[in-house]
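Okay, thanks for squeezing me in. I'll put the model up first and then talk you through the bits I spent time on.

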Number of protein chains: 2
Amino acid sequence: MGTALSVIERFSRFQSDDAQSAEPVCCPVRDVLDRIGDKWSVLVIMTLATRPQRFSELRRAIRDISKRMLTQTLRDLERDGLITRHVYATKPPSVEYRLAPLGQSLLEPMASLVDWADRRYSDIHAARVRFDESPL
Amino acid sequence: MGTALSVIERFSRFQSDDAQSAEPVCCPVRDVLDRIGDKWSVLVIMTLATRPQRFSELRRAIRDISKRMLTQTLRDLERDGLITRHVYATKPPSVEYRLAPLGQSLLEPMASLVDWADRRYSDIHAARVRFDESPL
DNA sequence: GAGGACAGGTCTCAATTAGAGACCTGCTTC
DNA sequence: GAAGCAGGTCTCTAATTGAGACCTGTCCTC
């Protein structure tokens with residue numbers, strides 16, 4: 001609790017410093033969060049958490065991702081050092097993606113978020129229904 | 001560690017069940033993650049973590065958010081029960097946003113993610129540079 | 001009492017981004 | 001020799017975003 005606030009306060013200070021300056025916004029945390037906070041990254045990382053997988057295994061696991069977005073998400077994650085890409089010179093060459101140590105280290109905090117989402121989902125859903133039904 | 005994997009495995013099972021069915025993807029965790037995983041939600045929640053704030057205070061704190069997106073983000077967060085909106089009938093009516101208990105409960109897991117981002121930023125940045133410089 | 005400022009938005013339009021799906025290369029199978 | 005899979009790329013369209021004009025109402029200043 002106290003820990004959470006101290007982390008967030010540190011971040012806030014960064015952000016308000018930024019609010020002063022005329023420069024474009026530049027904050028490491030935002031930079032990273034923008035990257036892993038997109039629609040597919042978290043899903044891909046969690047899918048790779050159990051075991052390394054090939055391109056088409058990932059596509060089957062995450063049914064509604066398009067090839068285009070899967071390719072792009074994998075490239076971005078590789079670029080950030082969260083996953084690694086291994087090409088095997090088999091008959092039709094196969095490509096395997098696996099979590100790099102950096103990606104592994106993300107599992108812990110990510111799991112706490114997933115756990116939160118899981119436990120609070122019913123509250124959130126109830127709030128939505130209430131909001132949508134409310135007068136006006 | 002073990003905890004992280006068990007949470008993620010539970011989620012994965014959900015996802016692979018889903019992979020079997022012909023139905024459109026439907027998973028509580030994804031539902032929630034899509035919502036808070038957008039560009040602005042995390043920023044707004046963290047800004048409100050320190051104290052309740054008014055619309056224009058938020059705009060000043062998050063300099064590069066447009067009015068349109070701030071309004072929309074706040075509505076969505078309110079709808080999900082993460083924040084509450086209070087209108088005061090002052091001379092020019094003022095509107096204050098504050099974290100609801102549900103939003104408070106998100107601070108802890110979110111902070112662990114922010115902390116990760118903060119501590120790993122240099123690794124990620126180094127990986128990017130390496131990737132961008134690499135042959136081809 | 002006209003002009004400007006601020007609060008909290010909404011609306012419109014242009015630019016960016018995402019998704020569907022056709023297409024490509026190389027190799028195997030019927 | 002038609003068809004299928006792997007791992008992508010390319011193109012076209014649809015949805016999302018951001019910039020910024022505009023709106024209503026209440027101050028304050030001159």
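I'll go through the two DNA strands, then the salt bridges, and finish with the cysteines.

One thing up front: this is a predicted model, so please listen with that in mind.

Let's start with DNA strand D. There are 19 residues around DNA strand D, and the nearest ones are Ser56(A), Lys67(A), Arg85(A), Arg68(B) and Met69(B). On the DNA side, sugar and phosphate make up 64% of the strand D atoms that come within 4 Å of the protein.

Now some individual contacts. Lys67(A) goes to a base: an N or O atom in its side chain is 2.4 Å from a base oxygen of DNA strand D. Arg75(A) goes to the phosphate instead, with a polar side-chain atom 3.3 Å from a phosphate oxygen of DNA strand D. And Val95(A) uses its backbone, where a polar atom is 2.8 Å from a phosphate oxygen of that strand.

Which elements give two or more residues to the surface near DNA strand D? From chain A you get helix H4 (55–61), helix H5 (67–79) and strand E3 (94–99), and from chain B you get helix H5 (67–79). The largest share is from H5(A), with four residues. By class, that surface has nine charged residues, six nonpolar and four polar.

Okay, over to DNA strand C. Here the count is 19 residues around the strand, with Met69(A), Ser56(B), Lys67(B), Arg85(B) and Val95(B) coming nearest. For the DNA atoms within 4 Å of the protein, 64% are sugar or phosphate, and bases supply the rest.

The base contact I'd point to is Lys67(B), where an N or O atom of the side chain is 2.5 Å from a base oxygen of DNA strand C. Arg54(B) has a polar side-chain atom 3.0 Å from a sugar or linking oxygen of strand C. From the other chain, Trp40(A) puts a polar side-chain atom 3.2 Å from a phosphate oxygen of DNA strand C.

And which helix gives the most to the surface near DNA strand C? That's H5(B), with four residues. The elements supplying at least two residues each are H5 of chain A, plus H4, H5 and E3 of chain B. The classes come out as six nonpolar, four polar and nine charged.

Next, salt bridges. Side chains of opposite charge can pair when their charged atoms come close. The structure has 26 salt bridges over all chains. One of them joins Asp64(A) and Arg30(B), with the closest N and O atoms 3.0 Å apart. That pair crosses between chains, from the loop between H4 and H5 of chain A to helix H2 (residues 28–36) of chain B. Asp64(A) is partly exposed at 37% relative accessible area, whereas Arg30(B) is buried at 8%.

Within chain B, Glu96(B) pairs with Arg98(B), and the closest N and O atoms are 2.4 Å apart. Glu96(B) counts as buried at 19%, because the cut-off for buried is under 20%. Its partner Arg98(B) is partly exposed at 29%.

There's also a network of salt bridges linking Asp31(A), Arg35(A), Asp38(A), Asp76(A), Asp80(A) and Arg128(B).

Last up, disulfides. How many are there over all chains? Zero. For the cysteines, Cys27(A) is buried at 7% relative accessibility, and Cys27(B) is buried at 9%.

That's what I have, so over to you for questions.

How values were computed
Residues are numbered from 1 along each chain as its sequence is written. Chains are lettered from A and ligands numbered from 1 in the order in which they are written. This is a predicted model: local features need pLDDT of at least 70, side-chain atom pairs count only at pLDDT 80 or more; totals for chains, interfaces and linings use all residues. Side-chain values use heavy atoms; hydrogens and water are left out. A disulfide is a pair of cysteine sulfur atoms within 2.5 Å. Buried means under 20% relative accessible area, exposed over 50%, partly exposed in between (1.4 Å probe, protein chains only). A residue is near a molecule or strand if one of its heavy atoms lies within 4 Å of it. A polar contact is a pair of N or O atoms within 3.5 Å; within protein, one must be able to donate a hydrogen and the other to accept it, and residues adjacent in sequence count only if both atoms are side-chain atoms. Ala, Val, Leu, Ile, Met, Phe, Trp, Tyr, Cys and Pro count as nonpolar, Asp, Glu, Lys and Arg as charged, and the others, Gly among them, as polar. A salt bridge is a side-chain nitrogen of Lys or Arg within 4 Å of a carboxyl oxygen of Asp or Glu.
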